[in-house]
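Colleague: I am new to this structure. Please pick one part and take me through it closely.

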Amino acid sequence: QVQLVESGGGLVQAGGSLRLSCAASGRTFDSYAMGWFRQAPGKEREFVAAVTWSGGSTSYSDSMKGRITISRDKTKDTVYLEMNNLQPEDTAIYYCASRDSEHDPFDYWGQGTQVTVSS
C-alpha cells in the first residue's frame, strides 16, 4: 500500500498562489503516477492534474490549465502542485492520489488539504 499525506493548503486572497505537497510512503515503488483532485462543497470530486513517476509526463484539467504546475521529486517521493492566480471558485479540499499503472484507477488517497480563496 501507499500512504499519502498532503500539506500546504490554507487561506489566500484572490490572485494569490499556493504550493501543495503530497508526501508518499510505503510501497512507492509500485506507484506509476500521482494525481491531484479537488472537491468543492456540494460538488463532485474532479481531476486537477497528474504526473508519472518515471518519465514525468503531465496532464491537466482544462479548468485550471495555465494556472497550475504539477511536479515530482523522486528523491523525496513527493509530488507538488503549484497554483497561481487562485480564484474563489478554486476553494475546495485538494486530495492527492496514487495509481499503480495507467490502466488502474487511483486507488490510494490522502486525507486532503483545504484551500480557501477569499474575494
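Modeller: What follows starts with one strand and its partners, then moves to the residues around it.

First, the ground rules. This is a predicted model, in which local features need pLDDT of at least 70 and side-chain atom pairs count only at pLDDT 80 or more, while totals for chains, interfaces and linings use all residues. Residues are numbered from 1 along each chain as its sequence is written, and side-chain values use heavy atoms, with hydrogens and water left out.

The strand to look at is β9, residues 92-99. Strands here are DSSP runs of E with at least two residues, helices are runs of H or I with at least four residues, and both are numbered from the N terminus. How many of the residues of β9 are buried? The count is 6 of 8, so β9 is mostly covered. Buried means under 20% relative accessible area, exposed means over 50%, and partly exposed is in between (1.4 Å probe, protein chains only).

Now the partners. Two strands pair if DSSP finds at least two bridges between them. β4, residues 33-39, is joined to β9 by 7 bridges. These two strands run antiparallel. One bridge to find is at Phe37, whose partner in β9 is Tyr95. β11 is another partner, with 3 bridges to β9, again antiparallel. Here Ala92 stands opposite Val115 of β11. Then comes β10, residues 108-109. It has 2 bridges to β9 and also runs antiparallel to it. Ala97 stands opposite Trp109 in β10. In a regular strand, side chains alternate between the two faces of the sheet.

Step across to β11, which spans residues 113-118. Gln114 sits in this strand. Is Gln114 buried or partly exposed? It is partly exposed, because its relative accessible area is 40%. Contact means heavy atoms within 4.5 Å. Not counting residues up to four places away in sequence, Gln114 touches Gly9, Gly10, Thr91, Ala92 and Ile93. Its side chain also makes a polar contact with the side chain of Thr116, at 3.3 Å. A polar contact is a pair of N or O atoms within 3.5 Å; within protein, one must be able to donate a hydrogen and the other to accept it, and residues adjacent in sequence count only if both atoms are side-chain atoms. For a sense of scale, take Thr28. Its C-alpha is 24 Å from that of Gln114, and the two are 86 residues apart in sequence.

Next, find Ser31. It lies in the loop between β3 (18-26) and β4. Ser31 is buried, because its relative accessible area is 11%. Its side chain has a polar contact of 2.8 Å with the side chain of Ser98. A polar contact of 2.9 Å links it to the side chain of Trp53. Leaving aside neighbours within four places in sequence, Ser31 is in contact with Trp53, Ser98, Arg99 and Asp100.

Go back along the chain from β9. The loop between β8 and β9 holds Asn85. Its phi is near 50°, a positive value in a residue other than glycine. Asn85 is partly exposed, because its relative accessible area is 39%. What reaches the backbone oxygen of Asn85? The side chain of Arg67 does, at 3.0 Å. Arg67 lies in the loop between β6 (58-60) and β7. It is buried, because its relative accessible area is 17%. Leaving aside neighbours within four places in sequence, Arg67 is in contact with Glu82, Met83, Asn84, Asn85, Leu86, Gln87 and Asp90.

That leads to β7 and β8. Strand β8, residues 78-83, is joined to β7 by 6 bridges, and the two run antiparallel. Thr69 has Glu82 of β8 as its bridge partner. The loop between β7 and β8 holds Asp77. Asp77 is not a glycine, yet its phi is positive, at about 50°. It is partly exposed, because its relative accessible area is 25%.

Last, the sheet that holds β7 and β8. It is an open sheet of 4 strands in the order β1-β3-β8-β7, with antiparallel pairing. Its edge strands are β1 (2-7) and β7 (68-73), and each pairs on one side only.
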